[in-house]
Amino acid sequence: MVGVLLLFVVLIVYTIWDNHRIIVVEQEIEIEQLPESLDGFTILQVTDLHERSFGENQKRLLEKVNSVDYDAIVFTGDMLDSNQSTNYDPFYQLIEGLHNRDNALYVAGNADPTNYRLHPSHPYEKSEFIKGMEQRGVNLLESVYTLEGQGGKVHFFDFELAILDSQRELEEIALKGEPKNEVYRAYLNHRKQLLTEISVLDQPKREDVLLALNHYPVVDARIDFLHEHPHYNMKNLDLLLAGHYHGGQIRVPFLGALFVPEPWYQRGGILPPRDRVKGLWEYRGIKQYVSTGLGSSDAIPLLRFRFLNRPEINVLTLKKKG
């Protein structure tokens, strides 16, 4: 009995210690037709912070982040813990401490506030969270953000917008006519602008890199659905970056992740496919990289911690195939 109690105490102490360590995971990703000028293009992915603090003013996290040379940094959602939360400081402190904010992009997760306020009695405008983030140098990725290199471009874009048939969506908006409500009219005009911008991806040049950001991984079944459904326009992506799963959050030897929040799986995410939880995989020509991220959530009640699953940031380097 004493031995069991001692083991339990050791596991608790180890888990607390392990949840405060950060590792830098590096991954080279081969891209077809990658121009020589983009060979070695590096992306730092940070995801699922969930309001965690790693030292005062994120000191320990920033030591890791600022030790990396990158061309772009992407935040793939769940920086906050609830879409009602106003605890912006952990994320803002991270942004403020970045040495390189030249190409910093963000897409929202399910635990983040909405990007825009949409209420009949208020102007249609970005939320306070997004305004503060952009004032600190991180761009909200709503449609396409393009970086040009010699001989090619890298198009970062919002996955969920890009899979829509932009022409069909624009036609449906036109059929609605001119709304009387000023806020709704502003929303539709903004929507038209984004759909027009994203349409540049309909005919990309062969040497262009199409790099989608999304909070949610896109499982095989959903990729099949998007290819087959006539209302969607699945792009020939070179790479998709996501988070959300936390690597399963609770991992055990020989089994891996016990659960990921994924409604597309038959068991609702219980004992998911081991090669579809974190890291790099490919399906139907689409490479997808999923980071385990930094924080933890209460997707499993009373298990709001990571077990055998250290917090991570990810350094992804594009390499020319062959």
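This report walks through a sheet, a helix, some charged pairs and a few single residues in a predicted model.

**The sheet**

Let's start with the strands. Six of them, or 6 strands if you like digits, line up in an open sheet, and their order is S8-S9-S10-S11-S15-S14. The pairing in this sheet is mixed. In general, strands of a sheet pair through backbone hydrogen bonds, and they can do that in a parallel or an antiparallel way.

Which strands stand at the edges? They are S8 (144-149) and S14 (279-283). Each of these two has a single partner strand, so one side of each is left without a neighbour in the sheet. If you look at how neighbouring strands of this sheet are turned against each other, the average is 20 degrees, with direction ignored.

For a closer look at one pairing, take strand S9 (residues 152-158) and strand S10 (residues 209-213). These two run in the parallel sense and are paired over 5 bridges. Try finding phenylalanine 156 in your viewer: its bridge partner in S10 is leucine 211.

**A helix with buried residues**

Now move to helix H3, which covers residues 89-96. Its buried residues are Pro90, Phe91, Tyr92, Leu94 and Ile95. What do they pack against? The list has strand S2 (42-46), helix H2 (59-65), strand S3 (72-75), strand S4 (104-106) and helix H4 (128-135).

Glutamate 96 is in helix H3 too, but this residue is partly exposed, with a relative accessible area of 44%. Glutamate 96 leads us straight to the charged pairs.

**Salt bridges**

Side chains of opposite charge can pair when their charged atoms come close. How many salt bridges does the structure hold? The count is 17. Here are three of them, with the N to O distance for each.

| Salt bridge | N to O distance |
|---|---|
| arginine 136 and glutamate 96 | 2.7 Å |
| aspartate 224 and arginine 284 | 2.9 Å |
| glutamate 172 and arginine 168 | 3.5 Å |

Begin with the salt bridge between arginine 136 and glutamate 96. This pair links distant parts of the chain, with the two positions 40 residues apart: arginine 136 is in the loop between H4 and strand S7 (139-140), while glutamate 96 belongs to helix H3. Arginine 136 is partly exposed, at a relative accessible area of 24%.

Next comes the salt bridge of aspartate 224 with arginine 284. This pair also links distant parts of the chain, 60 residues apart: aspartate 224 is in helix H8 (residues 220-228), and arginine 284 is in the loop between S14 and strand S15 (286-290). Arginine 284 has 44% relative accessibility, so it counts as partly exposed. Salt bridges can share partners as well, and that is how Arg117, Glu125, Glu128 and Lys131 are joined into one network.

The salt bridge between glutamate 172 and arginine 168 sits within one helix, H6 (residues 166-176). Why are these two about one helical turn apart? Because they are 4 residues apart in helix H6. Glutamate 172 is partly exposed at 36% relative accessibility, and arginine 168 is partly exposed at 31%.

**Lysine 176 and its contacts**

Stay in helix H6 for a moment, because lysine 176 is found there and its relative accessibility is 51%, which counts as exposed. Which residues does lysine 176 touch, leaving out those up to four places away in sequence? They are Tyr184 and Leu188. Leucine 188 is 12 residues from lysine 176 in sequence, and the C-alpha atoms of the two are 9.7 Å apart in space.

**A nonpolar patch on the surface**

Leu255, Leu258, Ile270 and Leu271 make up a nonpolar patch on the surface. Together they have about 320 Å² of accessible area. One of them, leucine 271, is in the loop between strand S13 (256-257) and S14. Leucine 271 counts as partly exposed, at 39% relative accessibility.

**Two residues with positive phi**

Last stop: the loop between S2 and H2, where you can find aspartate 48 and asparagine 57. Aspartate 48 has a positive phi, near 50 degrees, and is not a glycine. Asparagine 57 is not a glycine either, and its phi is positive at about 55 degrees. Are they buried or exposed? Aspartate 48 is buried, with a relative accessible area of 0%, whereas asparagine 57 is partly exposed at 44%.

Conventions
Residues are numbered from 1 along each chain as its sequence is written. This is a predicted model: local features need pLDDT of at least 70, side-chain atom pairs count only at pLDDT 80 or more; totals for chains, interfaces and linings use all residues. Side-chain values use heavy atoms; hydrogens and water are left out. Two strands pair if DSSP finds at least two bridges between them. Axes are lines fitted to C-alpha atoms, for helices over the stretch in contact, and angles run from 0 to 180 degrees between N-to-C directions. Patches are made of residues with over 30% relative accessible area and no salt bridge: like charges are joined within 9 Å, nonpolar side chains (Val, Leu, Ile, Met, Phe, Trp, Tyr) within 5 Å. Accessible areas come from the Shrake-Rupley method with a 1.4 Å probe; for residues, only the protein chains shown count as cover. A salt bridge is a side-chain nitrogen of Lys or Arg within 4 Å of a carboxyl oxygen of Asp or Glu. Buried means under 20% relative accessible area, exposed over 50%, partly exposed in between (1.4 Å probe, protein chains only). Contact means heavy atoms within 4.5 Å.
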